[in-house]
Amino acid sequence: MIFSPKTKNKKAMKEFSNRYVRQIVLPNFGMASQRKLLKSSVLIVGMGGLGCPASLYLAGAGVGKIGIADPEKVEESNLHRQVLFDTNCCGKSKVKEALKRLRALNPDILVEDYCTSVTKENVLSLIEEYDVVIDGTDNFSTKYLLNDATFKAGKPLVLGSVFAYEGYISVFNYSSGPCYRCLFPTPPTSYIPNCEEMGVIGAVTGIVGSIQAFEAIKVILNSPPFLPLAGKYLQINTLTMGWHEYKVEKDPKCLLCSKKREEVELTEFRAPSCLATSEVREITTKELFKDINKYVLIDVREKEEWQERHLLGALNVPLSQIEGGSFNSIPKERPIVLYCSLGIRSKKAGNILIEKDYREVYSLKGGLSAVMQNGYKDLVR
Ligand SMILES: [Zn+2]
């Protein structure tokens with residue numbers, strides 16, 4: 001029996017209230033598709049310019065469970081593209097603010113928040129509960145990790161990225177199709193700036209994030225005419241509005257997907273930084289105290305010096321101990337600020353930690369002396 005749009009509307013309203021009526025009446029969509037969406041789950045890694053629009057559209061469409069993972073806080077410079085957040089969100093956890101907004105948008109669905117970076121240790125347990133993974137990150141390290149982990153777990157990955165005015169989208173690991181490494185076998189060896197450094201127009205990330213949301217919907221519906229962008233790599237030039245699709249073949253010699261899933265070992269690589277690779281970055285006292293709760297403070301001076309005075313909340317892990325390889329008490333998943341008296345020992349300690357795969361390490365410029373000189377004496381015990 002063919003329903004007229006009016007009959008469809010009535011039936012849809014009976015089962016789903018008014019919320020999804022406008023998509024249910026679409027040709028080829030219908031209530032069966034709506035039920036599929038409500039039973040499905042999508043994990044979005046990175047709640048930035050891509051993750052924000054993607055999550056809004058998926059919540060609106062009625063994807064039954066949406067996971068959102070991001071360890072960062074909202075900053076004012078995020079607001080022009082990260083459309084989930086407003087000025088009042090600045091300084092607050094991205095996933096917590098996103099959770100409130102998505103639940104308010106659609107109280108019928110489940111939203112799970114993960115205030116964490118995705119690492120090789122936690123990625124498999126994170127993606128385990130979801131049908132589809134959306135990559136909303138802006139770093140190659142996480143993109144390759146997500147590619148490898150979704151292949152290992154047998155889950156499709158909707159990958160998106162933006163570089164200046166261009167956007168790139170593809171669906172990898174779908175129906176035994178190619179993976180990201182079939183196209184780009186290894187991460188770039190030269191430094192490539194991210195959105196923060198290169199600059200980006202909010203509307204461009206909006207285009208890419210919206211396409212990612214619909215690709216995830218197509219993966220879930222998984223029947224014609226909903227054919228995901230698998231085996232193709234879409235490049236959009238938003239200046240010329242030229243769209244180009246490149247065919248992506250599965251590479252029989254692929255470093256990843258030519259292996260058996262159970263043989264895959266997850267690795268993380270450190271993306272080349274704009275600084276010399278072994279060089280720790282410096283942070284000023286002003287930058288540190290603007291958002292001090294974001295960081296784990298490590299005092300790398302010797303114990304006697306620490307006892308004399310130290311920054312409130314700091315842990316003492318002396319440089320001599322770090323040089324001896326004993327620094328397990330320093331967490332890897334949070335940004336670290338190392339300090340000493342003048343900022344010399346902390347640089348040395350920072351370079352050691354970077355070599356040991358600590359991803360976000362800073363050395364406090366000028367050390368404790370700068371803290372005292374710049375009027376932050378109250379923060380010293
Ligand atoms: Zn591959």
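Two strands pair if DSSP finds at least two bridges between them. Keep that in mind, please. This talk leans on it. One more thing before we start: the model is a predicted one.

Let's begin with strand S12, residues 336–339. Who are its neighbours? On one hand there is S13, residues 361–364. Three bridges join S12 and S13, and the two run parallel. Find Leu338 in your viewer. Opposite Leu338 stands Ser363 in S13. On the other hand there is S10, residues 296–299. S10 and S12 are also parallel, with four bridges. Here, Leu297 has Val337 of S12 as its bridge partner.

How do the side chains of S12 point? Ile336 and Leu338 go one way, while Val337 and Tyr339 go the other. All of them are buried. Here is the general rule: in a regular strand, side chains alternate between the two faces of the sheet.

Now follow the chain out of S12. Helix H14, residues 345–355, belongs with S12 and S13 in a β-α-β unit. Which hand does that unit have? It is right-handed.

On to another sheet. This one is open and has eight strands. Read the order with me: S3-S2-S1-S4-S5-S6-S7-S8. The pairing is mixed. Which strands stand at the edges? They are S3, residues 110–114, and S8, residues 242–247. Each has a single partner strand, so one side of each is left without a neighbour in the sheet. From one strand to the next, the twist averages 15°.

Let's walk in from the S3 end. S2, residues 65–69, is joined to S3 by five bridges, and the two run parallel. Ile68 has Asp113 of S3 as its bridge partner. On S1, the story is similar in kind: S1 and S2 pair in the parallel sense, over five bridges. Ser41 stands opposite Lys65 in S2. From S1 the chain crosses through H4 to S2, and that β-α-β crossover is right-handed. S2, H5 and S3 form a right-handed β-α-β unit too.

How covered is S2? Mostly: five of its five residues are buried. Lys65, Gly67 and Ala69 point one way. Ile66 and Ile68 point the other way. Yes, a lysine is on that buried list.

What about the helices on this sheet? H4, residues 51–61, lies across S1, S2 and S4. H4 runs at about 165° to S1. H5, residues 94–105, packs on the sheet and touches S2 and S3. The direction of H5 makes about 175° with that of S3.

Jump to the S8 end. S7, residues 232–237, meets S8 over six bridges. These two run antiparallel. Leu234 stands opposite Glu245 in S8.

Now some backbone details around S7. Start with the loop between helix H10, residues 202–221, and S7; Pro225 lies there. What joins Pro224 and Pro225? A cis peptide bond, with omega about 5°. Asn222 sits in the loop between H10 and S7 as well. Its phi is positive, about 55°, although Asn222 is not a glycine. Buried or exposed, then? Asn222 has 46% relative accessibility, so it counts as partly exposed.

On the other side of S7, look at the loop between S7 and S8. Met241 lies there. Met241 is not a glycine, and its phi is positive as well, near 55°. Its relative accessible area is 45%, and Met241 is partly exposed.

Last stop: the zinc ion. Which residues hold the donors? Cys179, Cys182, Cys254 and Cys257, each through SG. These donors lie 2.2 to 2.3 Å from the zinc ion. Along the chain their spacing is C-x2-C-x71-C-x2-C. Cys254 is buried, and Cys257 is buried too.

Why call the arrangement tetrahedral? The four donor atoms subtend angles of 94 to 121° around the zinc ion. Four donors count as tetrahedral if all angles lie between 85 and 135 degrees. The zinc angles fit that range, so the arrangement is tetrahedral. For reference, the ideal angle for four tetrahedral donors is 109.5 degrees.

That's the tour. Thanks, everyone.

Definitions and conventions: Residues numbered from 1 in each chain as written. Predicted model: local features only at pLDDT ≥ 70, side-chain atom pairs only at ≥ 80, totals over all residues. Heavy atoms only, no water. Donors = N, O, S within 2.8 Å, 3.2 Å for Na, K, Ca; no water. Tetrahedral: all angles 85-135°; square planar, octahedral: opposite > 155°, others 65-115°. Buried < 20%, exposed > 50% of the residue type's maximum accessible area, 1.4 Å probe, protein only. Right-handed = clockwise from strand over helix to strand, strands pointing away. Axes fitted to C-alpha atoms, helices over the stretch in contact; angles between N-to-C directions. Contact = heavy atoms within 4.5 Å.
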